[in-house]
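Good morning, and thank you for making time for this presentation. I should like to take you through the charged side chains of one protein.

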Amino acid sequence: MSNPNGTQAVDRAARLLTEVMHSPGSVTFTELAAATGLAKSTTSRLLLALERNGLVRRDEAGRFRPGEMFVRFAWRGGAEAGLTEVAQVYLDRLGRATGETVNLGVGRGDMVEQIAQVDSVYLIGATNWLGRSVPLHCSAIGKVLLAFGAATLPPGRLERRTEQTITSRAALEAELAAIRQRGYAVIDGELEPGLVAVAAPVLRDGGAVVAALSVSGPGTRLTPPRAADVAVACMAQAHALSAVLGHRPDGPAVEDSPKVDGPPRLNGPAQAQKEGAA
């Protein structure tokens, strides 16, 4: 015989979950208690259970949204819908940690499209990249997508955007190999003069790279030592977002603060281009 109390608890939890799922945005604890008619103590206990099991999650303001389990289920079919909403908390954290412009980008054909952004706290270097498409080979996000097989270079000559842009395919392949080894990409003046950016891959279940998280700003602020610190922060948030999307790396668990072996090589693309075949 089934336990009526147990069935009642399941029914109540299902009502709370239904309210969260049907809400057009995030919903507060008070709103959930009022909508379901449950006592606040009961609401609190059930929400904690739903949160422990990944069925609901709280945003930075403490409001409730559908949890990681629903995100992972949606991504089983490779859907990109909802990625920006799920990623926003990690973009916000990275923006607060660095003060620079933070972007989430995906591949669109042979270009990169920025689909979410957190603005820099500084006036200099604050650029709205949303909806802008940039070439794969001279952007930090694009290099990440290329390095991890999430995008493919178009045929023909590589566009030269600045004097620092890598236009040699051999030199670019060497750069992509270095990105795979260190786990993040860096550009210095390759897309725009004076613009420095770092980017790290975002993975889904199964290990496929689906997007990249980047931090960008002027080279006067993103000097090599600071860019190394920013790369650590960028990788940490990219790893956290990847975990929400269901990625489980093989071997040891991903640390909250990934290690970077020395500062990233800045002002190096021109030299790499000289060494590579045209």
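Let me begin with a definition: rings of Phe, Tyr and Trp count as a pair if their centres lie within 6.5 Å. By that criterion, a search of the whole structure finds 0 aromatic pairs. Please bear in mind that the model is a predicted one. An aromatic ring does appear in another role, however: Arg 182 sits over the face of Tyr 184, 5.0 Å from the ring centre.

Some general features come next. The protein has 278 residues, and buried residues make up 46% of them. Its secondary structure consists of 9 helices and 8 strands. The accessible surface comes to about 13,600 Å², and carbon and sulfur atoms account for 53% of that area. If we take the contacts between residues at least 6 apart in sequence, 59% of them join residues at least 24 apart.

I turn now to the salt bridges. How many does a search of the whole structure find? The count is 9, and I shall discuss some of them individually.

Consider Arg 226 and Glu 100. These two residues form a salt bridge in which the closest N and O atoms are 2.8 Å apart. Arg 226 belongs to helix H8, residues 224-244, while Glu 100 is in the loop between helix H5 and strand E3, so the salt bridge ties together parts that are 126 residues apart in sequence. Are the two partners buried or exposed? Arg 226 is partly exposed, because its relative accessible area is 24%, and the buried range ends at 20%. Glu 100, by contrast, counts as buried, because its relative accessibility is 0%. Leaving aside neighbours within four places in sequence, the residues in contact with Glu 100 include Asp 119, Ser 120, Tyr 122, Pro 218, Arg 221 and Arg 226.

The second site centres on Lys 143. This residue lies in helix H6, which covers residues 140-147. Why does Lys 143 count as buried? It does so because its relative accessibility is 0%, and buried means under 20%.

Which residues form salt bridges with Lys 143? One of them is Glu 175, with the closest N and O atoms 3.8 Å apart. That pair links distant parts of the chain, since Glu 175 is in helix H7, residues 169-182, and Lys 143 is in helix H6, 32 residues apart. Both Glu 175 and Lys 143 are buried.

Glu 190 also forms a salt bridge with Lys 143, at 2.8 Å from N to O. Glu 190 is in the loop between strand E6 and strand E7, and Lys 143 is in helix H6, so this pair ties together parts that are 47 residues apart in sequence. Glu 190 has a relative accessibility of 1% and therefore counts as buried. Salt bridges that share partners join Lys 143, Glu 175, Arg 182 and Glu 190 into one network. The side chains of Lys 143 and Glu 190 also make a polar contact, at 2.8 Å.

Finally, let us look at what else surrounds this lysine. Apart from neighbours within four places in sequence, Lys 143 is in contact with several residues, among them Leu 136, His 137, Ile 166, Leu 172, Leu 176, Ile 179, Ala 185, Val 186 and Ile 187. Glu 175 and Glu 190 are among its contacts as well.

Thank you for your attention.

Methods: Residues numbered from 1 in each chain as written. Predicted model: local features only at pLDDT ≥ 70, side-chain atom pairs only at ≥ 80, totals over all residues. Heavy atoms only, no water. Helix = DSSP H or I, 4+ residues; strand = E, 2+ residues; numbered from the N terminus. Buried < 20%, exposed > 50% of the residue type's maximum accessible area, 1.4 Å probe, protein only. Polar contact = N/O pair within 3.5 Å; in protein donor to acceptor, adjacent residues only side chain to side chain. Contact = heavy atoms within 4.5 Å. Areas by Shrake-Rupley, 256 points an atom, 1.4 Å probe, with all protein chains shown as cover. Salt bridge = Lys/Arg side-chain N within 4 Å of Asp/Glu carboxyl O. Phe/Tyr/Trp six-rings, centres within 6.5 Å; stacked < 30°, edge-to-face > 60°. Lys NZ or Arg CZ within 6 Å of the ring centre and 35° of its normal.
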